[in-house]
Amino acid sequence: MIHKITLILFTLALAFSLTACLGGGSSEPTKYYTIAVENISMPSAGTYADKRLQVRKFTIEPAYQRANIVYRESAYDFMFYDLDLWASRPEHMLAQVASEYLAKSGLFKSVETKASGKPDFELLGNIVAIEEVDEGSSQYARLAVQLTFRKTESEEALWEKSFDQKMSMGDREPRTTAETVSKLYGKIMEEALGDISRKL
């Protein structure tokens, strides 16, 4: 009996030892990243500054419907970081950031993501790609999105445009990816706000 207990204790000690040696005892923490609002040029308030706008929930291509940051090493690869995640799903983040840009623009009386009444206009978005691309020694971020501005419940767009932007990154780090995607989205929203203001 004593030999059996000794053998069990030795086996447990060996298992703990191997776990520590293999790094199983200290796992890396999960890190979260978000898209930030950039300083961009805002258009002058138009004639619809008394109207209300709703930013509708964005859609996203199925391959990107997750919080993991996507990275690619070729046109054929599609991989995810395991421990580096978006703080929320990309379609939620980009819709929220779009609403912040629109609110700051002063083009509308109010900008909401959840309408408290019937808004006059709405902005819709579809994310085609949001990713880090690593090709040899060079890295860049890519953001492809389609934006549509229309009167509420109208099938006809007052303005619509597809964007597919890339920007070089200095290193292969998820934080750099988040910063670069934020800059890309800032450029996209600057152009979108300018176009929308002219349509108004």
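Is Glu-61 buried, exposed or partly exposed? Keep that in mind as you go through these points, and remember that this is a predicted model.

1. **Glu-61, the opening question.** With a relative accessibility of 32%, Glu-61 counts as partly exposed, because that label covers the range between the 20% limit for buried and the 50% limit for exposed. You'll find Glu-61 in the loop that runs between strand 3 (59-60) and strand 4 (68-72). Setting aside residues up to four places away in sequence, Glu-61 touches Asn-126, Ile-127 and Val-128. Try locating Val-145 too: it is 84 residues from Glu-61 along the chain, and their C-alpha atoms are separated by 10.0 Å.

2. **The overall picture.** Now step back and look at the whole protein. It has 3 helices and 9 strands. Reading from the N terminus, the order of elements is α-β-β-β-β-β-α-β-β-β-β-α. The protein has 200 residues, and 41% of them count as buried. Take the contacts between residues at least 6 apart in sequence: 71% of these join residues at least 24 apart.

3. **Helix 2 by itself.** Helix 2 covers residues 90-105. Its 16 residues reach 22 Å from the first C-alpha to the last, close to the 22 Å expected at 1.5 Å a residue. Quite a few of its residues are buried, including Pro-90, Glu-91, Met-93, Ala-95 and Ser-99. Straight after helix 2 comes Gly-106, which has a positive phi, near 75°.

4. **How helix 2 packs on helix 3.** Two packed helices are described by the angle between their axes and the distance between the axes. For helix 2 and helix 3 (residues 174-199), the angle is about 45° and the axes are 11 Å apart. The two helices are therefore oblique to each other. Helix 2 passes helix 3 in a right-handed crossing.

5. **Who meets whom.** Which residues of helix 2 meet helix 3? They are Leu-94, Val-97, Ala-98, Tyr-101, Leu-102 and Ser-105. On the helix 3 side, the partners are Ser-182, Tyr-185, Gly-186, Met-189 and Leu-193. Sorted by type, the residues of this contact are 8 nonpolar, 3 polar and no charged. If the spacing along each helix looks regular to you, here's a handy rule: an α-helix has 3.6 residues a turn, so residues three or four places apart point the same way. Leu-94, Val-97, Ala-98, Tyr-101, Leu-102 and Ser-105 also appear among the buried residues of helix 2.

6. **Thr-34, a link to both helices.** Thr-34 sits in the loop between strand 1 (31-33) and strand 2. Its relative accessible area is 45%, so Thr-34 is partly exposed. Leaving out neighbours within four places in sequence, Thr-34 is in contact with Trp-86, Ala-87, Met-93, Ala-178 and Ser-182. How many residues apart in sequence are Thr-34 and Ala-178? The gap is 144 residues, while C-alpha to C-alpha they are 6.4 Å apart in space.

7. **Gln-54, tucked into a strand.** Gln-54 belongs to strand 2 (residues 52-55). Is Gln-54 buried or exposed? At 14% relative accessibility, Gln-54 counts as buried. Beyond its neighbours within four places in sequence, its contacts include Glu-112, Thr-113, Lys-114, Phe-121 and Leu-123.

8. **Leu-124 and Gln-146, a pair to look at together.** Leu-124 is in strand 7 (residues 121-135), and Gln-146 is in strand 8 (residues 138-151). Leu-124 touches Gln-146, and its other contacts include Arg-56, Phe-58 and Leu-147. Leu-124 counts as partly exposed at 23% relative accessibility, and Gln-146 counts as partly exposed at 29%. Gln-146 also makes contact with Glu-160, Lys-161 and Ser-162, among others. For distances, Leu-124 and Glu-160 are 9.3 Å apart, C-alpha to C-alpha, with their positions 36 residues apart in sequence. Gln-146 and Asp-164 are 18 residues apart in sequence and 8.7 Å apart in space by their C-alpha atoms.

9. **Glu-153, one to check.** Glu-153 lies in the loop between strand 8 and strand 9 (157-169). Its phi is near 65°, a positive value in a residue other than glycine. At 63% relative accessibility, Glu-153 counts as exposed.

Methods. Residues numbered from 1 in each chain as written. Predicted model: local features only at pLDDT ≥ 70, side-chain atom pairs only at ≥ 80, totals over all residues. Heavy atoms only, no water. Axes fitted to C-alpha atoms, helices over the stretch in contact; angles between N-to-C directions. Helix = DSSP H or I, 4+ residues; strand = E, 2+ residues; numbered from the N terminus. Parallel < 35°, antiparallel > 145°, perpendicular 65-115°, else oblique. Left-handed = near helix turned anticlockwise from the far one by under 90°. Contact = heavy atoms within 4.5 Å. Nonpolar A, V, L, I, M, F, W, Y, C, P; charged D, E, K, R; others polar. Expected span 1.5 Å × (residues − 1). Buried < 20%, exposed > 50% of the residue type's maximum accessible area, 1.4 Å probe, protein only.
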